[in-house]
Amino acid sequence: MITVSEDKTFALTNAHFSYVFRVSPEGILEHLHYGGPLADPLSVAVHHLRTQREVASNFQGGPYFSLSDTPQEFPSFGTSDYRFPALHGRNSDGNTVFSLHYKKYRIVKDKPRLKKLPSARGGNSETLIVTLEDPLHKLEVELHYTIYQDYGVLVRSAKFKNKGEKELQLQHAFSSALDLPPQDYEILHLHGTWSREFNEERIDVPKGRFVIDSARGTSSAAHNPFIAIVQKGATETFGRVYATTLMYSGNFALSVEKGEFEGVRLLAGINPFNFHWRLKPGKKFCTPEALHVYADEGLRGMSHIWHEFIRDKISPEQFRHKPRPTYLNTWEAAYFDVDEDKVLHLADKAKEIGVDMLVLDDGWFEGRRDDTSSLGDWTADKERFPNGIPALAAKVKAKGLKFGIWFEPEMVNPKSQLFKAHPDWILHVPGRTPSLGRNQLTLDLSRPEVIDYLFGQIDDVLSCGDIDYVKWDMNRNMTEVGSAGQSRNRQREVSHRYMIGLYDLLKRLVEKYPDILFENCASGGNRFDLGMLSYMAQNWTSDMCDPIGRLDIINGCSYLFPLDVTAAYIGPSPNHQNGRVSSIATRFNAGAFCAARGISLNEEDIDAHKVELQSLMKFAKDTAPDMVGGRFERLVKTNNEVCWQYSSRDKRTIYLAYFHILAAPNLPFRRARMVGLDPKAEYMLVEDGARYAGDALMQNGMPLPYVATGQVNNKVRYMTKGDFSSYLFVFKKAT
Ligand code: GLA
């Protein structure tokens with residue numbers, strides 16, 4: 001997988017890609033190739049071009065070498081490259097000019113894990129570690145590159161070491177830099193906000209710099225930390241794709257810059273805006289991991305690579321391929337109005353309709369009646385839950401259900417015991433009133449005593465042994481980010497130190513409770529990233545539970561994430577977020593391929609739709625094993641139609657979901673060309689036993705249901721007349 005030539009050309013190659021760079025004659029790490037696998041990757045070094053550039057400054061190597069048109073592995077600023085650098089900061093002389101030169105390399109078997117940050121698991125992998133140094137300022141930078149035998153993912157990170165005797169300061173400490181050759185590219189990225197996460201945007205890579213980032217303290221729904229630079233015109237099945245994400249849940253930046261010579265530089269890492277790290281002599285700083293995927297044939301191939309890797313190497317191993325329980329969540333059923341009787345009543349309802357788990361959402365802890373109080377005080381409310389959570393959990397379990405519970409550990413309301421006792425445990429800056437968000441303040445997780453307190457509080461609840469699931473929420477962006485636990489000149493480290501604290505807390509909890517299924521939530525998808533996913537196998541994708549609102553969200557999310565890590569429930573209609581009225585079936589179908597499926601409906605709604613809910617929850621339970629480890633495909637996505645295919649891991653059950661948003665008369669007949677089937681096999685449609693040839697389903701397509709408007713004809717499969725209709729096909733491989 002990793003080969004190195006005598007004159008120090010490095011090549012990482014597997015069946016998916018080759019990645020090649022060399023030590024240039026000037027001692028710089030020069031990038032040569034990232035793309036499809038090469039039989040002789042070391043040979044690309046020979047064909048490299050150099051010329052004299054007018055105006056450009058020449059790097060120390062001579063007139064034919066300017067860093068401004070040289071693709072590099074880890075560029076810095078101030079020595080003839082004017083593009084945004086991967087390394088920038090203040091050196092021991094107080095100026096900002098660093099110059100990194102090759103020093104040495106080593107190859108380690110497998111993949112070292114990062115100590116304080118989450119990192120991808122190894123296995124059948126090799127890691128190349130190249131050390132660069134700035135001899136003047138005694139800064140060493142280790143670049144880590146891990147390649148796997150079986151995955152199209154390259155994992156990179158950087159480690160900075162101060163080997164000198166004076167302090168250095170880091171401002172840009174990116175995880176990776178990727179200089180792509182001049183070409184017409186587009187960017188695909190996923191933006192949004194609360195209840196509208198994962199909107200897809202495609203734009204041409206402009207001249208200049210385009211950045212998606214976060215300064216909110218969470219990776220955020222505004223921009224998921226994911227970007228794909230694609231060959232112009234790339235589709236699901238055509239075009240070269242270079243995609244990147246970060247294993248980080250805080251302030252990140254993904255910067256794309258098209259320079260004067262049209263090379264495109266992608267930088268991935270911690271957001272340099274408002275970041276500043278003091279590196280004392282002898283100290284190290286490790287960046288989060290950046291993950292890169294190259295795919296030859298469009299976005300479908302890219303997503304397959306991400307999905308497999310995330311499932312196998314990021315998401316907690318013990319839940320890989322483990323069917324998720326169906327559930328009833330109390331949130332949209334009762335909001336804050338929960339007490340022991342009501343929960344037990346809902347548990348009976350849950351049992352009646354056949355779900356596996358009752359989840360007690362917000363509202364169970366001391367004094368919590370609405371969102372103005374009590375976050376921080378994680379003991380059961382004495383009036384509403386006089387017997388405590390362990391007793392309630394035991395009662396729910398005695399009914400044959402699993403039991404789950406909600407926490408929002410990182411927050412405190414000013415109206416709480418915790419805040420009274422420790423007003424300085426919040427993120428704040430001297431002399432300014434901290435801004436509230438949803439009436440709450442953010443705890444200062446950069447302080448070890450806060451982490452210990454939270455661990456103790458959560459541990460107290462979980463240690464009863466009857467908790468199967470925890471929803472870990474986080475409902476505001478951070479402001480006034482400062483810490484009473486850090487000195488004046490380390491205040492700009494607080495955002496990152498917060499993340500280190502959070503990861504430490506999560507690690508301690510999931511190590512103590514490996515069998516509890518943790519679900520990550522931040523007002524929906526405000527912190528849906530690989531960092532959180534490495535501790536929590538499930539993510540609440542969005543508070544948008546209207547099925548039509550959810551379609552875009554799931555579609556966008558699926559570029560990066562396997563739906564194995566997502567959950568969806570049937571919420572009320574009219575929907576509480578956008579007021580849309582939709583059928584129970586469409587509400588279910590929108591989330592049909594999410595691993596965890598459930599409901600959040602009040603008793604009245606449950607009773608009114610009992611039979612349908614029973615049948616859907618039975619279907620969800622029966623198909624739960626299929627919804628982990630399979631393959632999701634985006635077949636059609638227009639403003640009015642969406643069609644997805646999902647194939648179980650054993651490829652024996654194939655699901656096809658079709659959504660027709662607004663009805664119109666006299667529509668064309670549509671077919672969905674299915675993918676990845678066995679062309680020689682027959683597939684039986686479960687609803688009527690009809691058999692379809694695999695090759696015909698792929699080449700000729702499956703006729704999609706028609707929105708009935710005129711007279712019906714029994715040869716055509718119809719959907720309910722009106723808006724927001726959907727249909728779910730299930731095929732079984734028959735031969
Ligand atoms: C957030 C979550 C919801 C729910 C509420 C409870 O908004 O996204 O699902 O848990 O908090 O307050």
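Which strand gives the largest share of the lining of the second largest pocket? That share, five residues, comes from β4; helices (H or I, at least four residues) and strands (E, at least two) are DSSP runs, numbered from the N terminus.

A word on the basis: this is a predicted model, where local features need pLDDT of at least 70, side-chain atom pairs count only at pLDDT 80 or more, and totals for chains, interfaces and linings use all residues. Residues are numbered from 1 along each chain as its sequence is written, and side-chain values use heavy atoms, with hydrogens and water left out.

Here are the two pockets side by side.

| Pocket | Volume | Lining | Nearest the centre |
|---|---|---|---|
| Largest | about 800 Å³ | 33 residues | Lys115, Lys116, Lys284, Cys286 and Ile500 |
| Second largest | about 670 Å³ | 34 residues | His48, Asp69, Pro71, Pro181 and Pro182 |

A pocket is an open set of points on a 1 Å grid over the protein atoms alone, where a 1.4 Å probe fits, with protein on both sides within 12 Å along at least five of seven lines; lining residues have an atom within 4 Å of a point. A volume is the space filled by probe spheres set on the points.

In the largest pocket, α7 gives the most to the lining, with six residues.

Helix α7 (residues 494-512) also gives the most to the largest nonpolar core, with nine residues. That core has 156 residues, and Phe160, Trp364 and Phe593 have the most contacts inside it. Such a core is a set of buried (under 20% relative accessible area, 1.4 Å probe, protein chains only) Ala, Val, Leu, Ile, Met, Phe, Trp, Tyr and Cys residues joined through side-chain atoms within 4.5 Å.

Key
Buried means under 20% relative accessible area, exposed over 50%, partly exposed in between (1.4 Å probe, protein chains only).
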